[in-house]
Amino acid sequence: MIKSVLIFNQLGKPRLIRSYEQVDTATQQQILREIHALISKRPDTLCNFLEGSQMIGGSDSRIIYRHYATLYFVFVVDSSESDLGILDLIQVFVEALDRVFENVCELDLIFHFDDVHYILSEVVSAGMVTETNLTEISKAVTEGKRQMKPAGESARVGIGALRRGFT
C-alpha cells in the first residue's frame, strides 16, 4: 500500500503532500523534513530506494523517489509494494503531469495544485494504484476539465442576463 506521496523542491518546500493514513499536520511536516534530509544529500548516482525510519513506519516502510530538475517525487510505501513498480508509477505520474501542463515545471504545481491533486487521484486512490495508462489518465483529466467549463460559463451567462434585466 502507498502510505504517502510527497513532492518537494531542492530546498524542502512542499509542493504536494498526500497521505493515505491518518497523520496530523505536525507529523507530516516532520516526515517531510526527515525525508528531505535523507534524500537531498544523496548523489544522483545512488539508487532511489531507502528504508523507512521509525517516524515513517519502521522497517516495513520504504522511501522510493525520483529527482527531476528541481523537484523530488517521493512515494512512501509498505513492503507489499514492488520497488520497481513504484518507480515506474512515479514515471507515469510525471508523464501525466507533463501531458496536462505541456512541459511541466514547479510553477505549474504551485499555481495549478488542484489539477495536480486530480491527476494524482486518477493514478492513486486510497493508497492503491488505480490507473497507469497515460491515455486513460489524460482522457479523464480532459473530461473533468470539460465538465467544469460549462458550469462556469453558464454562471456567467446567468449574471449577464440579470444585468441586462436591470438596465
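This report describes the sheet, the helices packed on it, the salt bridges and some surface features of a predicted model.

## Basis of the description

Because the model is predicted, local features need pLDDT of at least 70 and side-chain atom pairs count only at pLDDT 80 or more, whereas totals for chains, interfaces and linings use all residues. Residues are numbered from 1 along each chain as its sequence is written, and side-chain values use heavy atoms, with hydrogens and water left out.

## The sheet

Five strands form an open sheet in the order β2-β1-β5-β4-β3, with antiparallel pairing; strands (E, at least two residues) and helices (H or I, at least four residues) are DSSP runs numbered from the N terminus, and two strands pair if DSSP finds at least two bridges between them. The edges are formed by β2 (14–19) and β3 (49–51), each of which pairs on one side only. From one strand to the next, the twist averages 15°. Strands of a sheet pair through backbone hydrogen bonds, either parallel or antiparallel.

At one edge, β3 is joined by three bridges to strand β4 (residues 61–68), the two running antiparallel, and L50 stands opposite I63 in β4. β4 in turn pairs with β5 in the antiparallel sense over eight bridges, with R62 standing opposite V77 in β5. These two strands, β4 and β5, form a hairpin with two residues between them, and A69 in the turn has a positive phi of about 50°. On the other side, β1 and β5 pair in the antiparallel sense over seven bridges, where F75 in β5 is the bridge partner of V5.

## The enclosed strand β5

Eight of the eight residues of β5 are buried, so this strand is largely enclosed by the rest of the structure; buried means under 20% relative accessible area, exposed means over 50%, and partly exposed lies in between (1.4 Å probe, protein chains only). In a regular strand the side chains alternate between the two faces of the sheet. Both faces of β5 are covered, with L71, F73, F75 and V77 buried on one side and Y72, V74, V76 and D78 buried on the other.

## Helices on the sheet

Helix α2 (residues 83–101) packs on the sheet and touches β1 (2–9), β3, β4 and β5 (71–78), its direction making about 40° with that of β4. Such angles run from 0 to 180 degrees between N-to-C directions, with axes taken as lines fitted to C-alpha atoms, for helices over the stretch in contact, and contact means heavy atoms within 4.5 Å. Helix α4 (residues 113–123) also packs on the sheet, touching β1 and β2, and its direction makes about 35° with that of β2.

## Salt bridges

The structure holds five salt bridges, each defined as a side-chain nitrogen of Lys or Arg within 4 Å of a carboxyl oxygen of Asp or Glu. Side chains of opposite charge can pair when their charged atoms come close. One of the five joins E106 to R15, with the closest N and O atoms 2.7 Å apart; this pair links distant parts of the chain, since E106 is in helix α3 and R15 in strand β2, 91 residues apart. E106 counts as buried at 18% relative accessibility, whereas R15 is partly exposed at 24%.

R62 and D83 meet in another salt bridge (2.5 Å, N to O). R62 lies in strand β4 and D83 in helix α2, so the pair ties together parts that are 21 residues apart in sequence. R62 counts as buried at 12% relative accessibility, while D83, at 23%, counts as partly exposed. The side chains of K139 and E136 also meet in a salt bridge (3.5 Å, N to O), and these two residues, being three residues apart in helix α5 (residues 134–166), are separated by about one helical turn. E136 is partly exposed, with a relative accessible area of 35%.

## Surface patch and strand end

L107, I110 and F111 make a nonpolar surface patch of about 310 Å², and L107 is found in helix α3 (residues 106–111). Patches are made of residues with over 30% relative accessible area and no salt bridge, with like charges joined within 9 Å and nonpolar side chains (Val, Leu, Ile, Met, Phe, Trp, Tyr) within 5 Å; accessible areas come from the Shrake-Rupley method with a 1.4 Å probe, and for residues only the protein chains shown count as cover.

S19 is found in strand β2 and is partly exposed, with a relative accessible area of 24%. Leaving aside neighbours within four places in sequence, S19 is in contact with K3, S4 and Q28. The C-alpha atoms of S19 and G127 are separated by 8.3 Å, although the two residues are 108 residues apart along the chain.
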